[in-house]
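Visitor: I'd like to learn how to read a fold from its coordinates. Could you walk me through one?

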Amino acid sequence: MPTLALSVPSSPSLLDETLNVVARRYRVPANASASAATLQASPATALVLTIEQARAALARGDAPAPAIREAFIGGLARMIREALRDESADPVFQAMLLRHRTPVIREYASLAAHAERDRRVIHATVNAIAHPAKQQRETSEPRREALAQLHASASSEAWSALDEIARRLIVIDTQEGADSPRRRSLAQLLENPALQRLRRLEALTADERVRHYQSLWARLGPRPGSSVAVARGLSAKQRGVAVEALASRALDALARRLNDTERAFASYRVVNSMRVPASIPASHERAKTEWDVVLLRQARTSDQNAAWDVCLLVEAKASADSATTDFPRLLRGLELLAHAGRDSVYPFRTQQGTVHLSGASLRALRTDEASLARTVLYCSDAPAETAPRLLSAASRMQLLSAAASLEFAGALVDGRDADANDLEPVWHQLLISPRWHAVLNQYATLRQVRELMVHAQDLQAAIGVAAGDG
């Protein structure tokens, strides 16, 4: 439990003991070399070890030894070669390499990155001109038919056809003396840079190199928004709901035990989907603003409207990797809560109704490792991996997509001499660039997240052990 401004007792022993005895089946060794020694020495694993050695040296105020630099460069070179090998080729890396080396693919990728916004602009413009309601009010059959075609071409994202229909509609309107405002709107549509970009994107998709680039990305899974992607998203959401239910049951059991042992001076309850109010004076951007399961405590006082205090924040995750990805947002969420006013009371909406939390309780939340161990749990029902992936997918991609890495890979593909020392700029970026901070600290973050992660069954079992059930 966090150190909070609570009434007696300030640190419930049952809660502390539960957190102390709960099994940590997802834990990885504090020392990366100990973890790496139990796994096959893959290039990614070797990189984790050297990156952690570099981080530890910097933390001591020392410069990493030349041997660490050489091990990093050699490990990165091996990982790049592995990503290009036919039997283990990485489609994402291959796609990034194609984009780096092929101007037409870089143009396509740049246009595709803004395509969704451009589509919204053109759809809105076309609706203003040719919405079905406007079509019904049109008295001229040729104009009504052209308006319907214009709207249909936007709906089907046939951008070249849309351009052609808009031009034909201008001619029809001119010949039939139709209203000039619509002609001006059509002219503005044709001149809109968003339409020009969409037409260029449409043309580029016919290029064989672009099609190969698309096929590489398609190997990663269904296109966002497709029926398959929607079905997978729904399945993942259902899995998350199931894990949250397991965590809720465990915390409900803990709350009942705490109520039995502390009935004279406190009461406990569990809430779900606790949403942070906008009234907390800090930025909510990129911070966790909804907490899955929360254990709350209320001191027994004569005040019937006494505020509740936060005891434990639990996030339900379907996998250990998803917890690691979530961790930066969780830390920002705690920092947001800690901006609460000490003497204020805040209304939080939950599935069980609105609960009022003490600002002093929220303000006491901290993000240092010791405080997190008393305040936060990640809860899952996933089996523990026998060989956990030590290099995160995000860190791996950042290493592979560095300009020097792509140049090195291009030399390999072309059959040119590829000197691993050309990867030294990545090493220097790792040590000094804020953009590489997450990669430099990624094993330390992984270890910390795994320390906070428990299996739902283990949490339930720990409550009984802490309560002395034998």
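Guide: We'll go from the whole chain to helix packing and then to two backbone oddities. First the ground rules: this is a predicted model, where local features need pLDDT of at least 70, side-chain atom pairs count only at pLDDT 80 or more, and totals for chains, interfaces and linings use all residues. Residues are numbered from 1 along each chain as its sequence is written, and side-chain values use heavy atoms, with hydrogens and water left out.

Visitor: How many helices and strands does the protein chain have?

Guide: Elements are DSSP runs numbered from the N terminus: helices are H or I with at least four residues, strands E with at least two. Here you get 23 helices and seven strands. The radius of gyration, taken over C-alpha atoms, is compared with a globule rule of 2.2 Å times the number of residues to the power 0.38. For 470 residues the rule gives 23 Å, but the protein chain comes out at 29 Å, so it is more spread out than a compact globule. Its C-alpha trace spans about 90 × 65 × 35 Å along the principal axes.

Visitor: At what angle do H7 and H12 pack?

Guide: Axes are lines fitted to C-alpha atoms over the stretch in contact, and angles run from 0 to 180 degrees between N-to-C directions. Under 35 degrees is roughly parallel, over 145 roughly antiparallel, 65 to 115 roughly perpendicular, and the rest oblique. H7 (residues 115-130) and H12 (residues 193-204) pack at about 125°, with axes 9 Å apart, and are therefore oblique to each other. Contact means heavy atoms within 4.5 Å; among the residues making this one are Val121 and Ile122 of H7 and Leu198 and Leu201 of H12.

Visitor: And what about H6 and H13?

Guide: H6 (residues 103-113) and H13 (residues 208-218) pack at about 60°, also with axes 9 Å apart, and they are therefore oblique too. Their contact includes Tyr108 of H6 and Tyr213 of H13.

Visitor: Where is Glu157, and is it buried or exposed?

Guide: Buried means under 20% relative accessible area, exposed over 50%, partly exposed in between (1.4 Å probe, protein chains only). Glu157 lies in the loop between H9 (141-155) and H10 (159-176), and its 36% relative accessibility makes it partly exposed. Glu157 has a positive phi of about 60° although it is not a glycine.

Visitor: Which strand holds Ser273?

Guide: Ser273 sits in S1 (residues 266-275). Its phi is also positive, near 50°, and at 7% relative accessibility Ser273 counts as buried.
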